[in-house]
Each structure stands twice: as C-alpha cells, then as structure tokens.
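Reader: I've got this model open on my screen and I'd like a close look at one part of it. Could you walk me through the greasy bits, outside and inside?

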Amino acid sequence: MGNRLSQIATRTGDAGTTGLGNNQRVSKSSLRIHAMGEVDELNSQLGLLLCEALPPEVRALLDSIQHQLFNLGGELSIPGYELLGSAAVLELDEALAHYNAQLPPLQEFILPAGNRAAAQAHVCRTVARRAERQLVALGNEEALHEAPRQYLNRLSDLLFVLARVLNRADGGDDVYWRSTRLQRAAPEADQA
C-alpha cells in the first residue's frame, strides 16, 4: 500500500480524467466519480464530528462507520467489486434500534441545531443523503450491489438519531421547529 501512495501529484488527471481501481480511465464528471466524491466528503465530515467530545460508545460506532465508508469508496472505485456487505447494514440497523430506544418519541419536526456535535451530525446526515442520491443515480446507469445504497440510507437515519442523542449527552434537548401553522392552531385548541 505504501508504494501506491508514494506520489500524490501524478498529473495524470490534468486532462479531466481519473483512474479507477481497475486501471480504467473515466471522466472526472462521471456519475461514479461523483458518488465516490460524495462518500469521501461524508467520511471527511464524520472525521470532523470525531473531533468533538463524544460518548465513547458513539465514538467507537463512528470510527467503525468511517472504515465501512472507506470500503464503500473502494467498492465504487472498482466496478463490479464488492467490499461492503449486508453485515455492515445490519450493524447500522442494530445501532439504530439501540439509540432509538433511548429517545422520547418526536412530537414535531426538529431543526438541525443544538450543541456543536449534534449540529455536525446533522451536516453528516445531509451529506449521507446526497451520497445516497448520487449512488441511486449511478445505479440507474450501471449495475450496483444493494448493500451500499442500503448502507447510506440507514446511515443518514442513524445520524439523525445520533444528533438527538448528542444533544441529550450534553444535557440539552432537541430544537423544535416553530411551525406557523401549529402556532396559529394552538390558540384555537386552547379555546376548545
């Protein structure tokens, strides 16, 4: 692996193409490269979240997710190759069940806010959704395994839940949306 990364500035992409893991050259604007870039951005945003003070259990989970996202990037870089399997999706399902059980039911929409760690988890959630959309677009053009799409779908859900967990870990709560419609309905409800 050390030899593969010994030269970073190769200049081979100066013409607007890049190499995949199977040595195929593709346009840097291809759907596959966009999907790889979105997954890379998501992993980078998770790295930023990991700079925050986090409960050890959440930190360990996010570390595992970063490794799985690297696997996903590797899978995307080699068409037809499979690195991310159903076990990774199951890990997210189990984490979702675990953390959801600790939270009160939502009564209203929440804003992507609260403490810094929770807000960053929301940023990660939105990037995960964008990566998922890009993977769906690629899957509409090329055959892909199901696990990567499922993984990004579950991950965005988990990041929403973790944002709620992280707000509470700091003694806070969700930041609820103040709906104009609900505010208008509240006085009517009080009169009933």
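Author: Let's start with a yardstick: a residue is called buried under 20% relative accessible area, exposed over 50%, and partly exposed in between. Keep in mind that this is a predicted model. Now take tryptophan 177: its relative accessible area is 39%, so it counts as partly exposed. You'll find Trp177 in the loop between α5 (146-169) and α6 (180-191). On the surface, Trp177 joins Phe109 and Leu111 in a nonpolar patch, and together the three have about 320 Å² of accessible area.

Now for the inside. The largest nonpolar core has 42 residues, and Leu42, Leu62, Ile65 and Leu69 are the ones with the most contacts inside it. Five helices, namely α1 (31-49), α2 (56-77), α3 (86-100), α4 (116-141) and α5, each supply at least two residues of this core. The top contributor is α5, which gives 11 residues.

Zoom in on Leu69 and you can see some of that packing. Leaving aside residues up to four places away in sequence, leucine 69 touches Val39, Leu42, Asn43, Leu46, Tyr151, Leu152 and Leu155.

Since you work at the bench, a word on cysteines too. Cysteine 51 has 63% relative accessibility, so it counts as exposed. Cysteine 124, by contrast, is at 0% and therefore counts as buried. As for disulfides, a search of the whole structure turns up zero.

Notes. Residues are numbered from 1 along each chain as its sequence is written. This is a predicted model: local features need pLDDT of at least 70, side-chain atom pairs count only at pLDDT 80 or more; totals for chains, interfaces and linings use all residues. Side-chain values use heavy atoms; hydrogens and water are left out. Patches are made of residues with over 30% relative accessible area and no salt bridge: like charges are joined within 9 Å, nonpolar side chains (Val, Leu, Ile, Met, Phe, Trp, Tyr) within 5 Å. Accessible areas come from the Shrake-Rupley method with a 1.4 Å probe; for residues, only the protein chains shown count as cover. A salt bridge is a side-chain nitrogen of Lys or Arg within 4 Å of a carboxyl oxygen of Asp or Glu. Helices (H or I, at least four residues) and strands (E, at least two) are DSSP runs, numbered from the N terminus. Buried means under 20% relative accessible area, exposed over 50%, partly exposed in between (1.4 Å probe, protein chains only). A disulfide is a pair of cysteine sulfur atoms within 2.5 Å. A nonpolar core is a set of buried Ala, Val, Leu, Ile, Met, Phe, Trp, Tyr and Cys residues joined through side-chain atoms within 4.5 Å. Contact means heavy atoms within 4.5 Å.
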